[in-house]
Amino acid sequence: MSSVARLTAITTSTLSLLRERQRLQATHPTLHLQQIVSNLRLLRAGVIEAESQGVDDVAGPLRGQYERLIEMLGEEEARRADLESIPLPTPPSPPSPTSPSFGEGKMSPEPVYEPYTDDPDSAPGLDEGGILLATKTNNRRLGKCKVIITYVLNVNRLTRCRVHMHALLDQDAHLTHLSSSIGRQHHISLQINDELEVQTGLLDTLDTELDGTDARMRNARRRLERVARGAKENGSTVTIVLLILVLLVLIVVFKT
């Protein structure tokens with residue numbers, strides 16, 4: 001008989017091949033077809049063998065998986081590959097009833113029942129004193145049983161109360177710990193909020209200073225542009241004035 005692990009591995013492999021074939025069927029219609037047909041034949045033989053040996057807990061799921069794989073393959077491809085459904089197993093014929101042979105066993109004697117009576121006087125061997133004594137004994141035993149039952153019930157009730165009390169104490173301790181954790185988280189959140197407010201103030205101050213610096217830079221740039229434009233326009237005049245000054249200085253030096 002094929003092992004269950006081998007049949008399961010064949011089923012898994014065939015399912016993967018069928019999914020890949022369905023995905024690429026438009027471009028590769030015969031992809032993995034030979035391997036799929038071979039795996040299905042092996043699976044069918046394994047299921048039939050398992051059913052013949054009476055392993056229904058294995059054959060049942062594998063039969064369903066085989067039928068599902070056949071549906072994924074398609075009726076036309078299954079018919080071309082001679083892959084048929086697995087026939088249902090024939091139930092075993094019930095054993096024919098055999099009549100017991102005469103003298104095969106001895107008949108068990110029937111129990112003898114005594115008639116029930118509500119009249120205590122008719123009970124054999126009991127007089128009035130014996131009846132009273134038996135009644136007192138039964139009452140005493142019944143009282144002891146009631147006491148024992150009451151004690152057991154009280155013990156069980158006390159045990160349940162103790163268990164419930166321990167559960168409540170544990171729950172109270174967990175809630176206390178959770179409350180402490182929530183308090184710490186709240187405190188940390190407040191500290192983070194204060195830090196964020198401080199950082200926001202610093203960023204606002206920095207933004208204001210950057211705006212002032214930008215304004216000063218624009219003013220300095222405009223002044224430089226005016227100086228450069230004036231130098232460009234009056235450059236020749238300044239040069240003539242400088243040359244006249246130099247000429248005057250030379251005249252004065254040579255005359256003296």
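## Briefing: helices, salt bridges and surface patches

Helix H4 holds both Arg80 and Glu77, which sit three residues apart, about one turn of the helix. This is a predicted model. The protein has six helices and zero strands. Along the sequence, its pattern reads α-α-α-α-α-α. Buried residues account for 14% of the 256 residues. The structure contains four salt bridges.

**Salt bridges around helix H4**

- Arg80 and Glu77 form a salt bridge, with their closest N and O atoms 3.6 Å apart.
- An α-helix has 3.6 residues a turn, so residues three or four places apart point the same way.
- Arg80 is exposed, because its relative accessible area is 59% and exposed means over 50%.
- Glu77 also meets Arg21 in a salt bridge, at 3.8 Å from N to O.
- That pair links distant parts of the chain: Arg21 belongs to helix H1, Glu77 belongs to helix H4 (residues 75-80), and 56 residues separate them.
- Arg21 and Glu77 are both buried.
- Glu77 thus takes part in a bridge with exposed Arg80 and in another with buried Arg21.

**Salt bridge in helix H5**

- Arg218 and Asp214 form a salt bridge, and their closest N and O atoms are 2.3 Å apart.
- Both residues lie in helix H5; because they are four residues apart, about one helical turn separates them.
- Arg218 has a relative accessible area of 38%, so it counts as partly exposed.
- Asp214 is also partly exposed, with a relative accessible area of 39%.
- Elsewhere, salt bridges with shared partners join Arg21, Glu76, Glu77 and Arg80 into one network.

**Helices H1 and H2**

- Helix H1 covers residues 4-23, which makes 20 residues.
- From first C-alpha to last, H1 reaches 29 Å, close to the 28 Å expected at 1.5 Å a residue.
- The buried residues of H1 include Leu7, Ile10, Leu15, Leu17 and Leu18.
- Thr11, Thr14 and Arg21 are also buried in H1.
- Helix H2 covers residues 33-52 and also has 20 residues.
- H2 reaches 29 Å between its first and last C-alpha, close to the expected 28 Å.
- Leu33, Ile36, Val37, Leu40, Leu43 and Val47 are among the buried residues of H2.
- Asn39, Gly46, Ala50 and Glu51 are buried in H2 too.

**Backbone points to check in the structure**

- Most residues other than glycine have a negative phi.
- Asp82 is not a glycine, yet it has a positive phi of about 55 degrees.
- Asp82 lies in the loop between H4 and H5.
- Asp82 counts as exposed, because its relative accessibility is 62%.
- Gly54, just after H2, takes a positive phi of about 80 degrees.

**Positive patch**

- Arg221, Arg222, Arg223, Arg226 and Arg229 form a positive patch on the surface.
- Arg229 lies in helix H5, which runs over residues 128-233.
- Arg229 has 45% relative accessibility, so it counts as partly exposed.
- Patch membership needs over 30% relative accessible area, so Arg229 at 45% clears that cut-off.

**Nonpolar patch**

- A nonpolar surface patch brings together Val238, Ile240, Val241, Leu242, Ile244, Leu245, Leu247, Leu248 and Ile251.
- Together these residues have about 810 Å² of accessible area.
- Val238 has its place in helix H6 (residues 235-255).
- Val238 is partly exposed, because its relative accessible area is 47%.

Methods: Residues numbered from 1 in each chain as written. Predicted model: local features only at pLDDT ≥ 70, side-chain atom pairs only at ≥ 80, totals over all residues. Heavy atoms only, no water. Patch = residues over 30% accessible without salt bridge, like charges linked within 9 Å, V, L, I, M, F, W, Y side chains within 5 Å. Areas by Shrake-Rupley, 256 points an atom, 1.4 Å probe, with all protein chains shown as cover. Salt bridge = Lys/Arg side-chain N within 4 Å of Asp/Glu carboxyl O. Lys, Arg positive; Asp, Glu negative; His and termini not counted. Charge placed at Lys NZ, Arg CZ, Asp CG, Glu CD. Helix = DSSP H or I, 4+ residues; strand = E, 2+ residues; numbered from the N terminus. Buried < 20%, exposed > 50% of the residue type's maximum accessible area, 1.4 Å probe, protein only. Expected span 1.5 Å × (residues − 1).
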